[in-house]
Amino acid sequence: MSAQPLVATDRASLILQLVPYLISKGEVTVEDAARDFDVAPDEMRSMVEKLTVIGLPGDGGFWQMANDLFDIDWDLLDEQDTISITNAVALERTPRLTAREAAALLAGLQLAASLPGVGDSGVVQGLLAKLAAGASSAPAEVIVATPVVDDVRTTVAAAVQRGVAVSFEYRAPDAPVTTRTVDPVKVHIADGQWYLQGWCHLRQAVRTFHLDRVSEVVLTDIPSTHGADPLPGLFEPTESDVIVELRCRKDVVPLLGEFAARAVVRGKGDVRSVRLRVGDERSLKRLAARLGGDVEVVSPDTAREAARAWAEAGLAQYT
């Protein structure tokens, strides 16, 4: 079948695709290019010739310099029927990442690669390669430290792939250890902490588990029947939430991370009172320790005591 004539809109669309195609090819015959774009050779030649009047606008909307226009090797086109772009205008002037910027993005992608359903997709690995190649200089070697939850995440990823439940020991704050069997649905990172969400067979409901409190995790042969269930947001309020009050400077409020998104902030001047809902008031001990001295846990007393005990336990490591 012969290629059909192009309407103006189709021609404009093809020209937009033609430039990166020709740059990637280096040199390509008119016949090969026409076949790749499913147009007649004469149509391809016409589009290539029109490239030489396309470029960067100067003052007043007119092109002022030859270097502002695309150009081709006319001799090569006339004598060998081969296309080669000799001036690609501004396409090669695109901003490139610095080595530091590339290293930061690579670190984030390496962390994302550890999430179930992300690292095994191939997309992240492709992005890692492109980022490394697109930096203005070789990015620094980045190694994301493997925390103690790595074994848990690996097992959860395997459970999601196999469609089975996982079993583990779970120690909630100030509570006895329980054995949980869970249909895993999703692993989250929030405020630097790892969480597993899934259907808990013991509680017969969706539950969120802090991975630092998970141990002895193993795969089971139990089919996961709730693995595709919709999940509530990680910090969405529930009836069992506890109201906690904090006091901090106004410039510290944004540092509260995910908590700040659903907090009620009051006060004037430099000090703010922050009321927020949490599933376990004792979980704020990490936040208080990390923002050391910039956040005061006002109430309830259980939250204050948990933060104090956490800080004292940390200090004890230095004695």
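Start at E296 in this predicted model. E296 is partly exposed, at 34% relative accessibility. Now add R247, whose side chain meets that of E296 in a salt bridge (2.7 Å, N to O). R247 is partly exposed too, with a relative accessible area of 37%. Show the strands next. R247 lies in strand β10 (residues 242–249) and E296 in strand β13 (residues 295–299), so the pair ties together parts that are 49 residues apart in sequence. Then select R304. Salt bridges with shared partners join R247, E296 and R304 into one network.

Move to D81 and R45. These two form a salt bridge, with the closest N and O atoms 2.2 Å apart. D81 sits in the loop between α4 and β3 (82–83), while R45 sits in helix α3, so this pair links parts 36 residues apart in sequence. Both are partly exposed: D81 at 33% relative accessibility, R45 at 22%.

Stay on helix α3 (residues 41–51) and pick E49. E49 is partly exposed, with a relative accessible area of 33%. Add D75, D78 and E79 to the selection: with E49, they gather in a patch of negative charge on the surface. Helix α4 (residues 74–80) supplies the largest share of this patch, 3 residues.

Last stop: helix α2 (residues 30–37), with R35 and D32. Their side chains meet in a salt bridge (2.6 Å, N to O). The two residues are 3 apart in the helix, about one helical turn. R35 counts as exposed, at 54% relative accessibility, whereas D32 is partly exposed, at 29%.

To go further, display every salt bridge; the whole structure has 8.

Note on methods:
Residues numbered from 1 in each chain as written. Predicted model: local features only at pLDDT ≥ 70, side-chain atom pairs only at ≥ 80, totals over all residues. Heavy atoms only, no water. Patch = residues over 30% accessible without salt bridge, like charges linked within 9 Å, V, L, I, M, F, W, Y side chains within 5 Å. Areas by Shrake-Rupley, 256 points an atom, 1.4 Å probe, with all protein chains shown as cover. Salt bridge = Lys/Arg side-chain N within 4 Å of Asp/Glu carboxyl O. Lys, Arg positive; Asp, Glu negative; His and termini not counted. Charge placed at Lys NZ, Arg CZ, Asp CG, Glu CD. Helix = DSSP H or I, 4+ residues; strand = E, 2+ residues; numbered from the N terminus. Buried < 20%, exposed > 50% of the residue type's maximum accessible area, 1.4 Å probe, protein only.
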